[in-house]
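Reader: I'd like to go through the labels on this model and see what backs each one up. Can we take them in turn?

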Amino acid sequence: MALKASRRWSESATGYCAAVKGNPTRTPTGQLTISATDVPQVLAPCLHHVPDKVEDAETLARKPHVHQLTNDEPGDVLRLRALIYDYIRNSLMDRGFLEVETPMFDVEAGGAIARPFETIANEMSNMPIRLRIAPELNLKRLIVGGQDKVFEIGRVFRNEGVDNTHNPEFSICEFYEVGATLPSLIEKTERMIHDLYTTVESLRPSYFPSLKPVEGINFTHPFAQLPFIPTIEAESGKELPDLSADTATDDVLAFFRSLNLEIPPNPTLPRLLDTLAEIYIEPLCRSPTFITHHPEALSPLSKSFFDPAISQRVAARVELFINGREYVNAYEEENSPFEQRRKFMMQKQFHPEGEGAVDESYLEVLEWGMPPTGGWGCGLDRLVMLFSGKKRIADVLPFGTLRNVVGIARNK
């Protein structure tokens, strides 16, 4: 590296920033240094003593900058997150996908069953608008408009609880591809997750050495597959009732009582089925495993069909679980406006508050003709958790969860 006779040098890793003007030289031991010709100048004074280590959880949560000054992990997590984003983005673009951005605001926040954040648009006569809970419906509008392969990496917002694996604000990647079928979505997912694992592990020693490697999980593909209804029946030893019947909710409640299972709050049919999956299927998913053939009631935006092998209506959908957590949700999109209206009405019936919304604007878009399309979504924060060995989402977010963000503001 060529050195000029005079140069400026700054150091901020220990909490200060100073400038030194002088001539390059070497110490008696051969280390490169500067022989100062002027008094060093402090460029950014630090008014606090930077400790060698901070272990108080409250301080780390309320002062993330101190956490980064005293620990290598936060910076390593940032580099890991950047690598995951770049890998997924480049992987999709190499396959001909177009990266797009869709609105954060909408009048009706659709694309998932979740409670949205609401605000007011002053310039629109105080019209209530919502932060998006998923980019799904707008991405599919682009598919109807003639784009064959689109994806988006961005933030979504769900006005729900904060726990070890959930934060009301989180990052997601979704892609939609005309002509993609469930087998092709499964193959893409297997290749992406396996290759991402290989890439992360090869770069770990250099780029994020403080983070624990993934242990005890076999990423060899093809991944295992577990059909939803047969797996629950095999693990529970009982046969599920007809989930399309008008009495399905009461029948599944009776199924719970017969097995002495705790009934979840607000026991709608989807909530009951999700609880059964948590009890009987998810614990089986240590290494990457696809849960397949979900009941139709769980998948209002997916194509569905009658499966004669189990005499139930099921969705053309898969979920990828690793170590008992969901990472990917993929399905063949419902593209019939008539079937989609029926499923919106079913979703409205199952809404916990008995409300819900039928997105008429989306139904109108489907009337223009959406070709057969496969959709795929992945929670990126959970991928960062997986490859950093973290069990809490707060540990992979630079400012922690919503509770931390609110705490930082109050601390001011």
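Author: Sure, accessibility labels come first: buried means under 20% relative accessible area, exposed over 50%, and partly exposed in between (1.4 Å probe, protein chains only). This is a predicted model, where local features need pLDDT of at least 70, side-chain atom pairs count only at pLDDT 80 or more, and totals for chains, interfaces and linings use all residues. Residues are numbered from 1 along each chain as its sequence is written, and side-chain values use heavy atoms, with hydrogens and water left out.

Reader: Why is R130 called partly exposed?

Author: R130 has a relative accessible area of 22%, which falls between the 20% and 50% cut-offs, so the label is partly exposed.

Reader: What makes R130 and E118 a salt bridge?

Author: That term needs a side-chain nitrogen of Lys or Arg within 4 Å of a carboxyl oxygen of Asp or Glu. The closest N and O atoms of R130 and E118 are 3.1 Å apart, so the pair qualifies. R130 sits in strand β8 and E118 in strand β7, so the bridge ties together parts 12 residues apart in sequence.

Reader: And why is E118 called exposed?

Author: Its relative accessible area is 55%, and exposed starts over 50%, so E118 gets that label.

Reader: How do you know that C17 is buried?

Author: C17, in strand β2 (residues 17–26), has 18% relative accessibility. That is under 20%, so C17 counts as buried.

Reader: What makes E187 and R191 a salt bridge?

Author: Their closest N and O atoms are 3.2 Å apart, within the 4 Å limit, so they count. Both lie in helix α5 (residues 182–207), four residues apart.

Terms used
Helices (H or I, at least four residues) and strands (E, at least two) are DSSP runs, numbered from the N terminus.
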